[in-house]
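The exercises below ask you to work with the sequence and the model side by side. Try each task before reading its solution.

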Amino acid sequence: MGVRIKSSRTRGGGVENVRFDNWVMDGVGQGIDVTNYYLMEGEVRGGEAPVSPRTPVFRNIAIGNMTIRGARVAIDIEGLPEMPIDGLRLYNIVASAKAGMKAYNTVGLAVHDVEVDAESGPAFLVRDSKELELDRVSTRQASAGTPVVRLDRCAGAVVRAGRISLSAGPGE
């Protein structure tokens, strides 16, 4: 693992006002993993639950100036439906991986100057998020028949100044 912040509904606690800066990662499973929806052995994924003192809170986290090469997953962000990850900022990141960026259940996610080259699937997939900002996101490796940016149920999303470089395959 590269940058990893995790908790689960049963652990509670909080992570806020932290910054990760200037990392280089080669051959990691996940380059960036931020989840308060971590499942322990025997736990099953469920829908929204009531907020309690055991509900983890993640907010105001900045992760930037990262290089991720040859990861299984470039960026994996998953908040709880009842407690989304709030105010996560990703900036100045270049990543190559089998799977790109996935982000679920966030509020105020800001992604600036991030290039994700994914072998399959969308380079950027965001679901169930509010106040999303994608600014100057790019890929050099778009999968045929797959959108580069896919947003599902993202109220208030802003996407601007993206760049997609499609290179010709062998013999083209």
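**Exercise 1.** Determine in which element isoleucine 85 is found, whether this residue counts as buried or exposed, and which residues it is in contact with beyond its neighbours in sequence.

*Solution.* Begin with the position in the predicted model: isoleucine 85 is found in strand β5. Next, take the accessibility, which is 1% in relative terms; since buried means under 20%, isoleucine 85 counts as buried. Then list the contacts, leaving aside neighbours within four places in sequence: Val34, Thr35, Asn36, Phe58, Ile77, Glu78, Gly79, Asn105, Thr106 and Val107. Finally, take one of these partners, asparagine 36, and compare the two separations: isoleucine 85 and asparagine 36 are 49 residues apart in sequence, while their C-alpha atoms are 7.7 Å apart in space.

**Exercise 2.** Describe the largest nonpolar core, stating how many residues it has and which element gives the largest share.

*Solution.* The count comes first: the largest nonpolar core has 36 residues, and those with the most contacts inside it are Ile32, Ile63, Leu90, Met101, Val111 and Phe124. Two or more residues of this core come from each of β1 (3–6), β2 (14–26), β3 (30–35), β4 (57–78), β5 (85–104), β7 (110–130) and β8 (133–139). The largest share, 9 residues, is given by β4. To see the surroundings of one core residue, look at isoleucine 63, which, apart from neighbours within four places in sequence, is in contact with Val3, Phe20, Ile32, Val34, Leu88, Arg89, Leu90, Tyr91 and Ile93.

**Exercise 3.** Examine serine 129 and threonine 55, and establish for each where it lies, how accessible it is and what its side chain reaches.

*Solution.* Serine 129 lies in strand β7 and is buried, with a relative accessible area of 1%. Its side chain makes a polar contact with the side chain of threonine 106, at 2.8 Å. Threonine 106 is also among the residues that serine 129 is in contact with when neighbours within four places in sequence are left aside, the list being Ala103, Tyr104, Asn105, Thr106, Arg153, Cys154 and Ala155.

Turning to threonine 55, the place to look is the loop between β3 and β4. Threonine 55 is buried, with a relative accessible area of 8%, and its side chain reaches the backbone nitrogen of serine 52 at 2.9 Å. If residues up to four places away in sequence are not counted, threonine 55 touches Arg9, Gly12, Gly13, Pro50, Leu80 and Met83.

**Exercise 4.** Asparagine 65 has a positive phi although it is not a glycine, and glutamate 131 likewise has a positive phi without being a glycine; set out the angle, place and accessibility of each residue.

*Solution.* For asparagine 65, phi is about 55°, the place is in strand β4, and the relative accessible area of 29% makes the residue partly exposed. For glutamate 131, phi is about 55°, the place is the loop between β7 and β8, and the relative accessible area of 53% makes the residue exposed.

**Exercise 5.** Find how many aromatic pairs the whole structure has, and then identify where lysine 6 and arginine 9 lie over the face of a ring.

*Solution.* A search of the whole structure gives 1 aromatic pair. It is formed by phenylalanine 20 and tryptophan 23, whose ring centres are 5.8 Å apart and whose planes are at 80°, an edge-to-face arrangement. Tryptophan 23 is partly exposed, with a relative accessible area of 32%. As for the charged residues, lysine 6 lies over the face of tyrosine 38, at 3.9 Å from the ring centre, and arginine 9 lies over the face of tyrosine 37, at 5.0 Å from the ring centre.

**Exercise 6.** Characterise the protein chain as a whole by its elements, its radius of gyration and its contacts.

*Solution.* The protein chain has 0 helices and 11 strands. Its radius of gyration is 16 Å, close to the 16 Å that the globule rule gives for 172 residues, so the chain is as compact as a globular protein of that length. The C-alpha atoms fill a box of roughly 60 × 35 × 30 Å along the principal axes. Buried residues make up 43% of the 172 residues. Lastly, among contacts between residues at least 6 apart in sequence, 68% join residues at least 24 apart.

Notes
Residues numbered from 1 in each chain as written. Predicted model: local features only at pLDDT ≥ 70, side-chain atom pairs only at ≥ 80, totals over all residues. Heavy atoms only, no water. Core = buried A, V, L, I, M, F, W, Y, C linked by side-chain atoms within 4.5 Å. Buried < 20%, exposed > 50% of the residue type's maximum accessible area, 1.4 Å probe, protein only. Helix = DSSP H or I, 4+ residues; strand = E, 2+ residues; numbered from the N terminus. Contact = heavy atoms within 4.5 Å. Polar contact = N/O pair within 3.5 Å; in protein donor to acceptor, adjacent residues only side chain to side chain. Phe/Tyr/Trp six-rings, centres within 6.5 Å; stacked < 30°, edge-to-face > 60°. Lys NZ or Arg CZ within 6 Å of the ring centre and 35° of its normal. Rg over C-alpha atoms; globule rule 2.2 N^0.38 Å.
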